[in-house]
Amino acid sequence: MTAAPRDPSWDPDQYDRFEAERDRAALDLLVRLPPDLEPRTVHDLGCGTGRHAALLKRRWPGAEVRGLDRDPAMLDACRSRPEGVIWEQGDVADWSPDRPVDLIFANASLHWAPDHAALFPRLARRLSRGGVLAVQMPIQAGTRHHQVVAEVAADGPWAGRLARLARVPRPLLTAEAYHDLLSPTCGEVDLWSTTYLHEIHGPDPVLEWLKGAGLRPHLAALADDPRLTRDFLSRLGAALSDAFPARAGGAALLPFPRLFLVARRG
């Protein structure tokens with residue numbers, strides 16, 4: 001196998017190509033926050049382009065709101081926002097606030113982090129009394145689009161480079177496992193799942209969707225060989241178009257399941 005890929009970077013413009021579709025889950029999570037929650041400290045872990053941290057600041061203007069992300073390009077996009085959020089570069093795996101937090105918000109970020117059996121209890125212990133952990137994660141395992149990616153990645157001249165990515169992102173634990181991890185610290189644990197049926201438009205829409213997030217590790221692994229990258233994306237785009245054909249009007253329909261949890265410390 002060739003050398004391991006560099007840490008994959010994010011492209012804020014590519015990620016935001018499907019802003020409305022990606023936002024739906026975050027907004028569904030926001031509306032399930034306890035109505036009596038009045039946080040003084042809010043941390044958005046994996047804040048991306050900062051849209052949701054900005055929403056949280058507008059909702060609670062008197063709170064100290066911080067957005068954490070590993071990626072410099074994402075943080076550059078964040079810093080153009082006017083809401084007064086404190087932006088920080090860092091990894092959730094090393095995140096340790098200097099005092100208890102009233103709201104930890106993590107939308108479509110924690111599925112990239114390792115060792116959920118240790119991570120989720122640790123996040124719960126960072127909450128203040130009455131504090132809330134609100135999380136949304138894509139359920140990648142078993143989805144048709146990720147099956148197609150895995151099939152194409154394993155069958156071509158790129159297969160050696162991509163073999164180590166067969167389980168990226170990592171499969172989630174079961175909903176019951178997250179409940180059991182959080183319930184010793186959090187007296188209230190609300191879990192649910194939703195499958196969105198996204199109507200997405202444009203040339204190779206499912207491929208373009210995946211280039212915004214799920215394909216980042218693959219593209220990083222092939223980054224030093226533009227021709228191999230082009231051939232991989234061409235093969236993958238054709239396979240995804242077969243799996244998700246254009247419907248009447250030209251849109252593709254992408255089923256996308258997600259797991260949600262809102263846990264409150266007693």
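**Helix H11 and strand E7**

Arg227, Arg230, Ser234 and Asp242 are exposed on one side of helix H11. This description rests on a predicted model. On the other side of the helix, the buried residues are Leu228, Thr229, Phe232, Leu233, Leu236, Gly237 and Leu240. Viewed down the axis of H11, these buried residues fall within an arc of 160°, so they line one face of the helix. An α-helix has 3.6 residues a turn, so residues three or four places apart point the same way. The buried residues of H11 are covered by elements that include helix H6 (144–153) and helix H7 (159–162), together with helix H9 (205–211) and helix H10 (216–221).

H11 itself comprises 18 residues, spanning positions 226–243. From the first C-alpha to the last, the helix reaches 25 Å, close to the 26 Å expected at 1.5 Å a residue.

Strand E7 covers residues 252–265, and 12 of its 14 residues are buried, so the strand is largely enclosed by the rest of the structure. E7 pairs with strand E5 (residues 127–138) in the antiparallel sense, over 7 bridges; in E7, Leu259 stands opposite Met137. Strand E6 (residues 186–200) also pairs with E7 in the antiparallel sense, here over 14 bridges. Arg264 of E7 stands opposite Glu188. In a regular strand the side chains alternate between the two faces of the sheet.

Note on methods. Residues numbered from 1 in each chain as written. Predicted model: local features only at pLDDT ≥ 70, side-chain atom pairs only at ≥ 80, totals over all residues. Heavy atoms only, no water. Helix = DSSP H or I, 4+ residues; strand = E, 2+ residues; numbered from the N terminus. Expected span 1.5 Å × (residues − 1). Buried < 20%, exposed > 50% of the residue type's maximum accessible area, 1.4 Å probe, protein only. Arc of directions from axis to C-beta. Contact = heavy atoms within 4.5 Å. Pairing = 2+ DSSP bridges.
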